[in-house]
Amino acid sequence: MTVYEIIDAKKRGAELTPRQIRFFVRAVADGGASDAQIAAFCMAVLLRGMTDEECFLLTEAMAQSGEVPPRPPVGGVIADKHSTGGVSDSTTLILVPVLCSLGVKCAKYSGRGLGHTGGTLDKLESFPGFRVDLTAERFARQIAQIGGAISGQTAHTVPADKRMYVVRDVTATIDSIPLIASSVMSKKLASFADVVLLDVKYGNGAFLPAEADAEELARLMVRIGKRAGRRVCAVVTNMDAPLGDAVGCNLEVREAIAVLGGKKNDLAALSLYLAQKILEEALSLPEAEAKARVRAAVDSGAALAKLEQIVAAQGGDARAVREPERLPLAPNEVTVRAAGSGVCRIAAKKLGEACLLLGGGRQRAEDAVDHTVGILLQKRAGERVREGEPVARVYCRGAADEALERVREAFSYPPEYAPPARIGRYFKAEEV
Ligand code: URA
């Protein structure tokens, strides 16, 4: 058997055998397959698709391609949540402390920003000193001690996904449903969470534009989880407009803190909904009871106190949780004004790209992120605006003409526009 033969078989539309899939994944992980071969395989999968059986075997082989950390010796349910990537999405920073404060343990493995989408690890590093590279032992210890931890998976976890992702990112092969499903679920299976909630995004700022594709991806991932014996559920959510009002690390962390302090917007609504769904699954609670407990965790200040505890436990300067102005913003502030009158429509992807151009994300893996730059929305999608009114405030350094132009392009003002509902269908394991 050779890697070449496996690529050729998929190119012709054949269903790969378990042996072929395991052989290919081993070759990805141990260097037996070149980047060119990985790219060709991914393109063949993107064009020819995979059966459920192939996708499950691919996921399982990827999950087993590296180390699987041991489950910490704690009782009760351990939860995790994963988003397929969006703009102004700091839900993790909100729901992890909410859940931990309610007694649900959270083992949250997060990622860095990809393309125009933001990454939780970059945002957490807004807290000076915050460590996102916890060893498996320290991760487990922290969960046992304070109920939760948020870290990157170690270099030795799911190496096959790490390699495939880098190749997919530069070969236009991200937007394949079986490849996204195996990438996301391999990381979930290589963790020990009992309950996993997937937030599957669709729309302008997501990897999949169509809601029907996001629903197909959600169903597939729930089925993979079920076959692997995990409780996986998924919610499909819209990402046409940014989720919150802030784009850029320090601005987004400030906003997450504000939500834990009671601020209400789409970011708050989705974060608390996700926390509620995990609580329902983890503690078998009825919807209304779970919702009330989540609200109480915010209103009582317990969730904010838990964030402080998590930041401190991971070496971060936790004073910023009570004094968010300690997270600095870039010195130049530019107001962007509406170029017309109508209903505000905002393209999340353009704002994500603008943030990248400001230096707030990575164009290449080795780039440093400027946590201080970003965009603060002054108007929400669906709000009426008059020409000349401020729609966004941009925090930048030096000349930022291209980024400012991208921010202007993100806004349009049609006479009528109703943004799609943010929260779409919910898929439970027993229903797919
Ligand atoms: N997030 C992932 O982890 N993998 C993908 O392929 C897409 C989004």
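Start by selecting Ser183 and the ligand in this predicted model: a nitrogen atom of the ligand sits 2.7 Å from an N or O atom in the Ser183 side chain. Keep the ligand in view and add Lys187, where a polar side-chain atom is 2.5 Å from a ligand oxygen. Then bring in Arg168, which has a side-chain N or O atom 3.0 Å from an oxygen atom of the ligand. How much of the ligand's accessible area does the protein cover? On its own the ligand has 240 Å² of accessible area, and the protein covers 95% of that.

**The shell around the ligand**

Now show everything that surrounds the ligand: His82, Thr84, Tyr165, Arg168, Ile180, Ser183, Val184 and Lys187. If you colour these residues by character, you will get 3 nonpolar, 3 polar and 2 charged. Next, switch to a cartoon view and pick out helix H8 (159–169) and helix H9 (177–189), each of which supplies at least two residues of this shell. Which helix gives the most to the shell? That is H9, with 4 residues.

**Along helix H8**

Stay with H8 and select its buried residues, which are Ala160, Asp161, Met164, Tyr165, Val167 and Arg168. Turn the view so that you look down the axis of H8: these buried residues fall within an arc of 165 degrees, so they line one face of the helix. A reminder about helix geometry fits here: an α-helix has 3.6 residues a turn, so residues three or four places apart point the same way. Two of the buried residues, Tyr165 and Arg168, are ones you have already met around the ligand.

What do the buried residues of H8 pack against? Show helix H2 (18–30), helix H3 (35–48), helix H4 (52–63) and H9, and you have the helices they pack against.

**Last stop: Asn265**

Finally, move to the loop between helix H11 (249–260) and helix H12 (266–283), and select Asn265 there. Is Asn265 buried or exposed? Its relative accessible area is 15%, so Asn265 is buried.

Show the backbone atoms of the neighbouring stretch and look at where the Asn265 side chain goes. One of its polar atoms lies 3.1 Å from the backbone nitrogen of Leu267, and the side chain also reaches the backbone nitrogen of Ala268 at 3.0 Å. To complete the scene, add Gly244, Asp245, Glu255 and Val259, which Asn265 touches when residues up to four places away in sequence are not counted.

How values were computed. Residues are numbered from 1 along each chain as its sequence is written. This is a predicted model: local features need pLDDT of at least 70, side-chain atom pairs count only at pLDDT 80 or more; totals for chains, interfaces and linings use all residues. Side-chain values use heavy atoms; hydrogens and water are left out. A residue is near a molecule or strand if one of its heavy atoms lies within 4 Å of it. A polar contact is a pair of N or O atoms within 3.5 Å; within protein, one must be able to donate a hydrogen and the other to accept it, and residues adjacent in sequence count only if both atoms are side-chain atoms. Accessible areas come from the Shrake-Rupley method with a 1.4 Å probe; for residues, only the protein chains shown count as cover. Ala, Val, Leu, Ile, Met, Phe, Trp, Tyr, Cys and Pro count as nonpolar, Asp, Glu, Lys and Arg as charged, and the others, Gly among them, as polar. Buried means under 20% relative accessible area, exposed over 50%, partly exposed in between (1.4 Å probe, protein chains only). The arc is that of the directions from the helix axis to the C-beta atoms. Contact means heavy atoms within 4.5 Å.
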